[in-house]
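Grab your viewer and work through these short exercises on helix geometry. Each one comes with a worked solution.

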Amino acid sequence: GTHAGAQHFRCVQRFRGRRGDFFYRARMLIDGIMFSTKTTQDLALVLDFHVVLMAIRQRMPDKDAKEANLESVILEILQEHSLDAERDMGLTVSVCVKASFFIGGNLQTPYLPFARMSEVMGIWGRAVRGFSGLRRC
């Protein structure tokens, strides 16, 4: 996949390994929150991960409810797909804020495991409040 516009970054990415074999992962940027899955050679599995990320996108809480409710929405979706965020998907999360006015590009936090989602959402909430009026990635 390719970058389809910063606000709607969603794709299955393909990487060539050192031995020439291919690896895949799913990534999706939703309202300033970047979701990324583990890298694997199993394309069918990564497509399943992409379906989960699309479900998260479709059921994303409104801005005012996001900080409090997103983690439970994701857990519900994972349960529906019989997946564990870390064991099965290797799901990690990052916050991405467009900061071109300040630094000439995007400001993105390191990826954290899903188990630290509450921290990520705290960072997201502070970024949204701190950069109010500015676009998220």
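**Exercise 1.** Work out how H1 and H2 are oriented to each other in this predicted model.

*Solution.* Start with the packing geometry: H1 (residues 43-58) and H2 pack at an angle of about 140°, and their axes are 10 Å apart. Next, check the cut-offs: roughly antiparallel needs an angle over 145 degrees, and roughly perpendicular covers 65 to 115. The angle of about 140° fits neither class, so H1 and H2 are oblique to each other. As for handedness, H1 passes H2 in a right-handed crossing.

**Exercise 2.** Find which residues of H1 and H2 meet, and check which H2 residues are buried.

*Solution.* On the H1 side, pick out Val 52, Ala 55 and Ile 56. They meet Leu 70, Ile 74, Ile 77 and Leu 78 in H2. Now look at burial: Leu 70, Ile 74, Ile 77 and Leu 78 are among the buried residues of H2. The buried list for H2 also has Lys 66 and Val 73.

**Exercise 3.** Trace H2 from end to end and say where the helix bends.

*Solution.* H2 covers residues 63-80, which makes 18 residues. From first C-alpha to last, H2 reaches 24 Å, close to the 26 Å expected at 1.5 Å a residue. Along the way, H2 bends by about 70° at Asn 69. Just after H2, Ser 82 takes a positive phi of about 55°.

**Exercise 4.** Place the helices in the order of elements along the protein chain.

*Solution.* Count first: the protein chain has four helices and six strands. Then read from the N terminus: β-β-β-α-α-β-α-β-β-α.

How values were computed. Residues are numbered from 1 along each chain as its sequence is written. This is a predicted model: local features need pLDDT of at least 70, side-chain atom pairs count only at pLDDT 80 or more; totals for chains, interfaces and linings use all residues. Side-chain values use heavy atoms; hydrogens and water are left out. Helices (H or I, at least four residues) and strands (E, at least two) are DSSP runs, numbered from the N terminus. The expected span of a helix is 1.5 Å times one less than its number of residues. The bend at a residue is the angle between axes fitted to the seven residues ending there and the seven starting there. Buried means under 20% relative accessible area, exposed over 50%, partly exposed in between (1.4 Å probe, protein chains only). Axes are lines fitted to C-alpha atoms, for helices over the stretch in contact, and angles run from 0 to 180 degrees between N-to-C directions. Angles under 35 degrees count as roughly parallel, over 145 as roughly antiparallel, 65 to 115 as roughly perpendicular and the rest as oblique. A crossing is left-handed if the near helix is turned anticlockwise from the far one by less than a right angle, and right-handed if clockwise. Contact means heavy atoms within 4.5 Å.
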